[in-house]
Amino acid sequence: MEKLLEVNNLSISFTQYVQGLNRHDLKVISDLTIDVMENEIVAILGSSGSGKSLLAHSILGILPYNSHVSGEIKYKGNILTQELKEKLRGKEICLIPQSVNFLDPLMKVSEQAIGECKDENEHNEKKLRQREVFDKYGLDESVDDLYPFELSGGMARKVLLSTALIGNPNLLIADEPTPGLDRKSVEETIEDIKNLKENGKGVLLITHEIDVALKTADRIAIFYSGYVIEINKVENFSDTDKLLHPYTKVLINALPRNGFNFSEGVQPLDDVSGCPYYENCPVRLDKCENNIPQLIEHNGVMIRCFNIGGVNDEP
Amino acid sequence: MIQLSPIDPVKAYLGQRIVSQEQLAIMGDYWGTNLSLGERVVGWLQTLASGSMGFSLIYRVPVTEVIMQKFTASLTLMVVSWVISAIVGFGLGIIAGAKEGSWIDKAIKTYCYILQSTPTFWIGLVLLMVFSVYLGWFPIGLSVPMGQLADTVTFWQWLYRLILPAITLSIVGIASLTMYTRDKLINVKKSDYFLFAQARGESFWGIIKNHGIRNVLLPAITIQFLSFNELFGGTILVEQVFAYPGIGQATVAAGLRSDVPLLLGIVIISTIFVFVGNLLADVIYKYVDPRIRSEDDE
Amino acid sequence: MSEMPWYNKGLFSSLNLRQKTLLTIGLTALVLFIVFISGMMIDANLPTNFSIKMQGPSFEHIFGTDWMGRDMFIRTIKGLSLSIVIGLGASIISSIIATILAFIASFNKYCDTFVSWLIDLFASIPHILLIMMISIGLGKGAFGVIMAVAFSHWVNLTRVLRAEVLQIKTSEYVALSSKFGRSKLWIAKEHILPLVLSQIFVGTLLVFPHAIMHESSVTFLGFGLSPHEPAIGIILSESMSYLAMGAWWLAFFPGASLLIVVLLFDIIGDNLKRLFDPSEANN
């Protein structure tokens, strides 16, 4: 199997102006490393509003101008430059956006799914493809002429998924595909995403719902305060002993298998000099206060903790 | 307010003619200057209620007639410059917003910024100086050539005299529409759907065309309809500078010579004019935006 | 993507945005102050010298001279300082009107409806027409113009303040304060006024350029200051008679100077607004 996407040590920060026009730098993603293989679904699990969507924006090259990025992103082994991102997006790499807000409110949904066309011929071709994809998801022709605000939650979800599939991409990035949906639609969405995998596609699923991540993904990356602290196989999540990071253990232990949302106490927002979990950690060491552990591999699990492995002993 | 004016409408009507005291008293009764302020307002309102706006003192015809004639002349001027400023303003706004931060955006922004701080009449004066006095391309003042009756003027002669006032008036209107369009487009550029269109690999100008203009056009048209207030104000100044015989000149004449019925009539007409603009803005929004349209269907 | 932000380029690269904003405000205010003071010190009755009448711009008279041989530069400065005085008077009075109306609107539903109606009414009569009428009604002259401009420019600030007051009024701490038995006036004074003060301040400054422009416009039309006052509107309306003769400097320089003054006030207002509300700077 080939590695579709590889993100290495990605950091994203923003410059902001606050009261009185003083400058303030805001770090959103720190030293993020993750990969997605063909035929695989990898979930990034983190609380809502923690900035994990920016990972998706960064892969697609649509970050705002006041952002600062370091680290590298590779697609099929090639480094994704802005130029390459612009070439691949919408074709090889597609985004399944969060909500219906990502559709132009004044454009009929079928036209949006078709997207930009050079001429009439291309439009006709894409129209057939759009009908095909819509049909697959049970959206009949009456849906074509609707405006985004007229769609129900479940319908909107299917339309958004369809827009991503018209270009027949290899890598899909699903950004929070389930919030605000009823139980049935959530189940359907999970099925739809899992089906994508069958055709050899890779999926990066960004979510704050543990339940969805557990039911959908092959591997789960835990995103905490801007850092990825653990990447583990989904099987291991049924047994807390196989989970390595103290935070992950707390998270799964606290979960009464009934789909609790991923929302926990205080995550430090400002720069911390040490491990981001230091404040709340039950097994913290002295060095955790001022040193940030590296993300290392330990028995096939990626982990960021001084308690695991030998490499982190010498910071 | 007019009633507080130090100028007596009777004197305004009589001009330089010499009349006896008795005649003056009769005239005073006729025009109502002998009555108290309250009585005059009530009187005017009564006349208005009966469907008439009274009699103009300086033109010596019914106010309705004066307004009809003058307003039609001004309406051409206003419509022409309104359309020009709509097209140019919207275009510049789209360019500036799309290329936000570039030199062309800065140039357009500076231009608008300066224009917003420029008195309308001075723009008129400068254009007059350059194109009429210095280059001699256009006449200095008067919309009808001297010694010719208004209805014998050919279409081309009339158009020729319309150009400078219309340009002046549209230059003024461009600035606010451009800034508004630019801001709106920048907002659209920050929207989720713009981001998604980019993520789908659509070209930049394709997105501006398909999503930007689609979402900015409606509010921009609305704003343009809401600008009737400034348009009317601008017309008054421009007509004064270019000696264009329209409602603006009539207003100034009525004001300077205390033609109360005419002035109040113009206030009513201009308010209706502004109101119609607001109403059109509302109606357009309701019938064009599918979101509001469907709310009405339900 | 991590390109250098625009504010770090160019002349003031060592300053941050805050310092730059303050510097802009300071310099702009200084220029306006100098214009104002020098205009104040000029005697309104300028010496006439018919031997040098109607001269174009030269080193001696950089703005040229008028039909009575008066120096146009001095006349312009005098006119500008007069404009500033009138603008100041008008914007302060209009802000007072706006503040009072916004507070009246906050009393109860009927007052609010009344104020909204007033706003709609004043917003639908063309400004120039309104100013003309008030000015005529009050007998023209400086007082008439100041009042006319003030009474036609309160609308926008009132809208802003009304919304702001409404928002504060519905906030929890005000509700609590009222439960403690505080009177409405006390709440207005202690809670609402301090919060809207910056809005009033910025609002006043933003009215300034409009006030100056409208004053010169109505004066130009003949409804504002009387012809013997040294106002810019008078100078420009006078210049109309000499335009055909090619005396362009009579209209060009005074108008351009007025434009610059208006622009400077605009710059101060905008910069102050950004200082109080940084959301725009983040764009």
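Start with Asn39(A): select this residue in the predicted model. Asn39(A) is partly exposed, with 17 other C-beta atoms within 10 Å. Burial would take 20 or more, so Asn39(A) falls short of that class. Its phi is positive, about 60 degrees, although Asn39(A) is not a glycine. Show the neighbouring elements too: Asn39(A) sits in the loop between strand 2 (22-37) and strand 3 (41-45) of chain A.

Next, select Ser225(A). Is Ser225(A) buried or exposed? Ser225(A) counts as buried, because 22 C-beta neighbours lie inside 10 Å. Phi is again the feature to check: for Ser225(A) it is near 50 degrees, a positive value in a residue other than glycine. The loop holding Ser225(A) joins strand 9 (219-224) and strand 10 (227-233) of chain A.

**The sheet of chain A**

Now colour the strands of chain A. Eight of them form an open sheet in the order 6-7-8-3-9-10-12-11, with mixed pairing. Which strands are at the edges? They are strand 6 (93-96) and strand 11 (296-298) of chain A, each pairing on one side only. From one strand to the next, the twist averages 20 degrees.

Zoom in on strand 7 (residues 171-175) and strand 8 (residues 202-207) of chain A. These two pair in the parallel sense, over five bridges. Pick Ala174(A) and look across: Leu205(A), in strand 8 of chain A, stands opposite.

Add helix 6 (residues 153-165) of chain A to the view. This helix lies across strand 6 and strand 7 of chain A. Against strand 6 of chain A, helix 6 of chain A runs at about 170 degrees.

**Chain B**

Hide chain A and show chain B. Chain B has 13 helices and zero strands. Trace the chain from the start and the pattern is α-α-α-α-α-α-α-α-α-α-α-α-α. Of the 298 residues in chain B, 43% are buried. Among contacts in chain B with a separation of 6 or more, 73% join residues 24 or more positions apart.

Select helix 8 (residues 192-199) of chain B. How many of its eight residues are buried? Seven are, so this helix is mostly covered. The buried set is Tyr193(B), Phe194(B), Leu195(B), Phe196(B), Ala197(B), Gln198(B) and Ala199(B). Step just past the end of helix 8 of chain B to Gly201(B), where phi is positive at about 85 degrees.

Move to helix 4 (residues 63-98) and helix 11 of chain B. Their axes come within 7 Å and cross at roughly 135 degrees. Helix 4 and helix 11 of chain B are therefore oblique to each other. On helix 4 of chain B, show the side chains of Val66(B), Lys70(B), Phe71(B) and Ser74(B). On helix 11 of chain B, the partners are Ile247(B), Gly248(B) and Ala250(B). By class, the residues of this contact divide into four nonpolar, two polar and one charged.

**Where chain B meets chain C**

Last stop: bring back chain C. The contact takes 34 residues from chain B and 34 residues from chain C. Highlight helix 6 (120-134), helix 10 (228-242), helix 11 (247-256) and helix 12 (260-288) of chain B, each of which supplies at least two residues of the side of chain B that touches chain C. Helix 6 of chain B gives the largest share of that side, eight residues. Colour the side of chain B that touches chain C by residue class: 22 residues are nonpolar, 12 are polar and no residue is charged.

Notes. Residues numbered from 1 in each chain as written. Chains lettered and ligands numbered in written order. Predicted model: local features only at pLDDT ≥ 70, side-chain atom pairs only at ≥ 80, totals over all residues. Contact = placed C-beta atoms within 7 Å. Helix = DSSP H or I, 4+ residues; strand = E, 2+ residues; numbered from the N terminus. Nonpolar A, V, L, I, M, F, W, Y, C, P; charged D, E, K, R; others polar. Buried ≥ 20, exposed ≤ 12 C-beta atoms within 10 Å, placed from the backbone. Axes fitted to C-alpha atoms, helices over the stretch in contact; angles between N-to-C directions. Parallel < 35°, antiparallel > 145°, perpendicular 65-115°, else oblique. Pairing = 2+ DSSP bridges.
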